[in-house]
Amino acid sequence: MPHDPASLLQAGAARHAAGDLSGAEQFYRQVLRRQPQDPNAHNLLGVLARQRGDVAGALRHTERALAAQPEVPAFLANRGAALAEAGRLPEAVATLRAALARRPEDAVTLRNLGQALCAMGDPHAALPPLEAAARLQPESPEPLLALAHARREAGDAEGAATAAEAALAAPAAPPALAEQARFLLAALGRAAPPPRAPAAYVRDLFDQFAPRFEAELTGRLAYRTPALLAALLEEQGVAPRRGLRVLDLGCGTGLSGAALAPFARRLEGLDLSPRMLAEARRRGLYDALHEADLLDWLPGRPATFGLIAAADVLNYLGDLAPALAAIAGALAPGGLAAFSVEAGEGAPFALAEAMRYRHDPAHVAMLATAAGLAPVAQRAAVLRQERGAPVGGALFLLSRPR
């Protein structure tokens with residue numbers, strides 16, 4: 001067993017490289033017991049924390065590493081990535097640029113910078129670093145897929161498709177990334193849309209979005225759906241009385257739970273994203289939170305809920321028949337389903353370039369009836385803003401007959 005800090009650090013790094021995160025952590029912490037300010041141990045603990053999704057730990061350790069040695073490119077790069085994952089995007093961009101000023105051909109940091117700029121709503125600024133990352137790692141699918149998303153957001157559908165096809169053809173493309181590339185190609189009209197968005201894509205999307213989710217939706221996007229669904233319930237005589245067992249389907253950070261809480265005797269939330277659920281847990285609104293796919297989870301809860309609400313959740317499913325059947329089965333007799341869809345026409349559903357599905361409200365109503373749900377109310381609504389334009393949708397309130 002090594003005892004000096006350098007040997008302990010080396011042993012920890014070997015464990016880390018082998019995927020033994022717990023073993024690596026033990027060695028790094030032994031280094032800190034001997035040298036509490038050791039910047040390499042703090043930096044590597046920051047990397048480890050990021051791998052575990054521990055944003056607070058990543059921020060704490062990367063700050064300590066950088067305070068000790070503020071000019072080290074690897075420390076700047078890791079700190080910038082941690083800031084981006086925490087949703088502190090302007091700080092992340094500045095830190096990642098500082099890392100690149102010292103190590104300009106760091107492909108991972110170039111990709112992280114591009115993705116941070118995209119997340120800030122500036123896909124055009126994201127293109128140069130992402131193109132550089134793709135040139136530096138021509139066989140790697142990750143920078144190519146990031147480039148494809150940036151080009152799509154910048155309005156270059158042809159360039160996005162080219163990058164997505166290159167990511168798909170990369171020899172090392174893992175199955176989840178390949179599935180995401182195919183989904184992007186479908187959204188660009190280059191392939192038939194699948195019946196739903198890949199679960200891994202949705203999970204990753206909202207894990208990354210979690211730290212800034214509410215600020216984005218309630219600010220720039222003027223998000224209104226939870227309040228609209230709550231108002232629809234009240235208008236139809238479902239007065240807020242805390243009498244129902246309520247399921248917030250796709251609960252996210254709990255923004256929709258705040259609108260549903262007045263109706264709930266017991267409020268539960270379901271979501272695919274662990275980081276969204278961590279944010280929701282901080283609200284203290286929910287009696288239970290569940291991490292699962294709705295199509296897997298609902299069939300195990302027959303006749304359980306008095307109200308199931310889904311605000312902007314079904315947009316990630318194309319064929320709604322399985323979801324509506326699962327919702328109907330999980331409702332108690334007399335229970336209510338309240339949900340929104342983005343409205344389309346001319347086809348039962350279509351995958352838009354924004355990578356969400358639009359549904360023909362008439363077809364949704366037909367599927368609901370086939371699932372055994374009776375109509376209570378339906379209306380058109382503006383759900384939010386996107387790129388300065390209103391996103392039109394439809395609100396549904398349905399009941400399971402007694």
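1. Start with Arg79. Arg79 is buried, yet it has no salt bridge. The nearest side chain of opposite charge is Glu63, 4.4 Å away. A salt bridge here needs a side-chain nitrogen of Lys or Arg within 4 Å of a carboxyl oxygen of Asp or Glu, so 4.4 Å does not qualify. Keep in mind that this is a predicted model.

2. Where does Arg79 sit? Its place is in helix 5, residues 73–85. Leaving out residues up to four places away in sequence, Arg79 touches Leu59, Thr62, Glu63, Leu66, Arg88 and Thr95. Glu63 is thus on the contact list, although Arg79 forms no salt bridge.

3. Now for charged residues that do pair. Side chains of opposite charge can pair when their charged atoms come close. How many salt bridges does the structure hold? The count is 20.

4. Take Asp106 and Arg103. These two form a salt bridge, with the closest N and O atoms 2.9 Å apart. Asp106 has a relative accessible area of 14%. Buried means under 20%, so Asp106 is buried. Arg103 stands at 36% and counts as partly exposed.

5. Arg152 and Glu153 form another salt bridge. Their closest N and O atoms are 3.6 Å apart. Is Arg152 buried or exposed? Arg152 counts as buried, because its relative accessibility is 9%. Glu153 is partly exposed, with a relative accessible area of 29%.

6. Look next at Arg384 and Glu342. Their side chains meet in a salt bridge, 2.5 Å from N to O. The pair links distant parts of the chain, 42 residues apart. Arg384 belongs to strand 8 (residues 374–386), and Glu342 to strand 5 (residues 331–342). Arg384 and Glu342 are both buried.

7. That pair is part of a network. Which residues do its salt bridges link? The members are Asp312, Glu342, Arg356, Arg384 and Glu386. Find Arg384 and Glu342 in the structure, then trace the network from there.

8. Helix 18 covers residues 321–330. Its buried residues are worth a look: Ala323, Leu324, Ala326, Ile327, Ala328 and Ala330 are buried. An α-helix has 3.6 residues a turn, so residues three or four places apart point the same way. Try reading the list with that in mind.

9. What covers the buried residues of helix 18? The cover includes strand 1 (244–249), helix 17 (294–297) and helix 19 (361–370). Strand 4 and strand 5 contribute too. Strand 5 has already appeared, as the strand that holds Glu342.

10. Phe263 lies in a loop, between helix 15 and strand 2 (264–271). Phe263 is buried, because its relative accessible area is 2%. Compare its position with Ala239: the two are 24 residues apart in sequence. In space, they are 7.3 Å apart, C-alpha to C-alpha.

11. Last, the empty space. The structure holds one cavity of 30 Å³ or more. The largest cavity has a volume of about 30 Å³. Its lining is made up of Pro226, Leu229, Asp248, Ser256, Leu260, Ala309, Ala310 and Ala311.

12. Which elements supply at least two residues each to that lining? They are helix 14 (225–235), helix 15 (255–260) and strand 4 (305–310). By type, the lining residues divide into six nonpolar, one polar and one charged. Strand 4 thus lines the cavity, and it is also among the elements that cover helix 18's buried residues.

Technical notes. Residues are numbered from 1 along each chain as its sequence is written. This is a predicted model: local features need pLDDT of at least 70, side-chain atom pairs count only at pLDDT 80 or more; totals for chains, interfaces and linings use all residues. Side-chain values use heavy atoms; hydrogens and water are left out. On a 1 Å grid over the protein atoms alone, a cavity is a set of points where a 1.4 Å probe fits but cannot get out, and a pocket is an open set with protein on both sides within 12 Å along at least five of seven lines; lining residues have an atom within 4 Å of a point. Grid points are joined across faces, edges and corners, and a volume is the space filled by probe spheres set on the points. Helices (H or I, at least four residues) and strands (E, at least two) are DSSP runs, numbered from the N terminus. Ala, Val, Leu, Ile, Met, Phe, Trp, Tyr, Cys and Pro count as nonpolar, Asp, Glu, Lys and Arg as charged, and the others, Gly among them, as polar. Buried means under 20% relative accessible area, exposed over 50%, partly exposed in between (1.4 Å probe, protein chains only). Lys and Arg count as positive and Asp and Glu as negative; His and the chain ends are not counted. Contact means heavy atoms within 4.5 Å.
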